[in-house]
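Reader: I am in my first year and still learning how to read a model like this one. Could you take me slowly through a single part, and then show me how that part sits in its surroundings?

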Amino acid sequence: VWRSVAIGIGATVLMDIWAIFLNKAFAQPRPNWGPVGRWVWHLREKVFHDDIGDAAPYAHEAALGWAFHYLVGIAYGIILVVLAGAAWLAAPTFLPAFILGVVTVGAGWFLLAPGMGAGWAASKRPNPTRIRALNLVSHTVFALGLYGTALLIRWGAAPDRSIALGRTPDGPWRGLLGLRA
């Protein structure tokens, strides 16, 4: 279980580093987890809001939003390990992580965005296509984080570090893509 949790945390950290990079390199605003925390706080009464900004503020909404962000990342790490199985932990490959990363965009598009009043897949925002593209790229980075953290854990536990990195006798790309001889 601890490996699943670590994989989720590692992937979420990489996603946050990606957001910092986008902010520094391209002046892309960093995610504001306060409104997400407000949405989580109000889930007890309502899932879909016309505008989460109109909901009553919660004193610790930023902290709750950050905690929720990491709890979701941890949940996705656990889901990946459950679906891919123990064999994946022994020899991680990118493809299962990538598939999960892309699939998880759906939670943002069809639950979080409409829940906060942004519409399905941010359709009520002035720039929905840009938001969707950034979501797909960010979740691909998250997938790289799932895979990379699993490799680091495997590498740290393996006596032969080259095998831990997914290299096979046929070369590193077969292992990376999940292709087995």
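Author: Threonine 12, once its neighbours within four places in sequence are set aside, is in contact with His69, Tyr70, Gly73 and Phe142, where contact means heavy atoms within 4.5 Å. This is a predicted model, in which local features need pLDDT of at least 70 and side-chain atom pairs count only at pLDDT 80 or more, while totals for chains, interfaces and linings use all residues. Residues are numbered from 1 along each chain as its sequence is written, and side-chain values use heavy atoms, with hydrogens and water left out.

Threonine 12 belongs to helix α1; helices here are DSSP runs of H or I with at least four residues, strands are E runs of at least two, and both are numbered from the N terminus. With a relative accessible area of 1%, threonine 12 counts as buried, a word that stands for under 20% relative accessible area, whereas exposed stands for over 50% and partly exposed for what lies in between, with a 1.4 Å probe and protein chains only. Threonine 12 shares this state with Ser4, Ile7, Gly8, Ala11, Met15, Asp16, Ala19 and Leu22, which are the other buried residues of α1. When you look at such a list, it helps to remember that an α-helix has 3.6 residues a turn, so residues three or four places apart point the same way.

Helix α1 itself covers residues 2-26, which is 25 residues, and its first and last C-alpha atoms lie 36 Å apart, close to the 36 Å expected at 1.5 Å a residue (the expected span being 1.5 Å times one less than the number of residues). Just after α1 comes alanine 27, whose phi is positive at about 55°, although this residue is not a glycine. Alanine 27 sits in the loop between α1 and α2, and its relative accessibility of 62% makes it exposed. A positive phi also appears at alanine 122, near 65°, in the loop between α6 and α7 (128-157), but alanine 122 is buried, with a relative accessible area of 5%.

Two of the residues that threonine 12 touches are His69 and Tyr70, and helix α3, which spans residues 61-84, takes us on to other helices. The axes of α2 and α3 lie 6 Å apart and meet at an angle of about 85°, where axes are lines fitted to C-alpha atoms, for helices over the stretch in contact, and angles between N-to-C directions run from 0 to 180 degrees. That angle makes α2 roughly perpendicular to α3; angles under 35 degrees count as roughly parallel, over 145 as roughly antiparallel, 65 to 115 as roughly perpendicular and the rest as oblique. In this packing Trp33, Gly34, Val36, Gly37, Arg38, Trp39, Val40 and Trp41 of α2 meet Glu61, Ala62, Leu64, Gly65, Trp66, Phe68 and His69 of α3, and His69 is also one of the contacts of threonine 12.

Helix α3 has a further partner in α5: their axes come within 10 Å and cross at roughly 130°, which makes α3 oblique to α5. The residues in contact are Tyr76, Ile79, Leu80 and Ala84 on α3, with Pro96, Ala97 and Leu100 on α5. Within α5 (residues 94-103) the buried residues are Phe94, Ala97, Leu100 and Gly101. They span an arc of only 135° around the axis, which places them on the same side of α5, the arc being that of the directions from the helix axis to the C-beta atoms. Phenylalanine 94 has a relative accessible area of 17%, and its C-alpha atom is 9.8 Å from that of glycine 145, although the two are 51 residues apart along the chain. Valine 103, also in α5, is exposed instead, at 56%.

Helix α2 (residues 33-42) also packs against helix α6 (residues 105-116), at an angle of about 90° and with the axes 10 Å apart, which makes α2 roughly perpendicular to α6. Pro35, Val36 and Trp39 of α2 are in contact here with Leu111, Leu112, Gly115 and Met116 of α6.

Stepping back from these details, you can place them in a protein with 9 helices and 0 strands, in which 38% of the 181 residues count as buried. Of the contacts with a separation of 6 or more, 65% join residues 24 or more positions apart.
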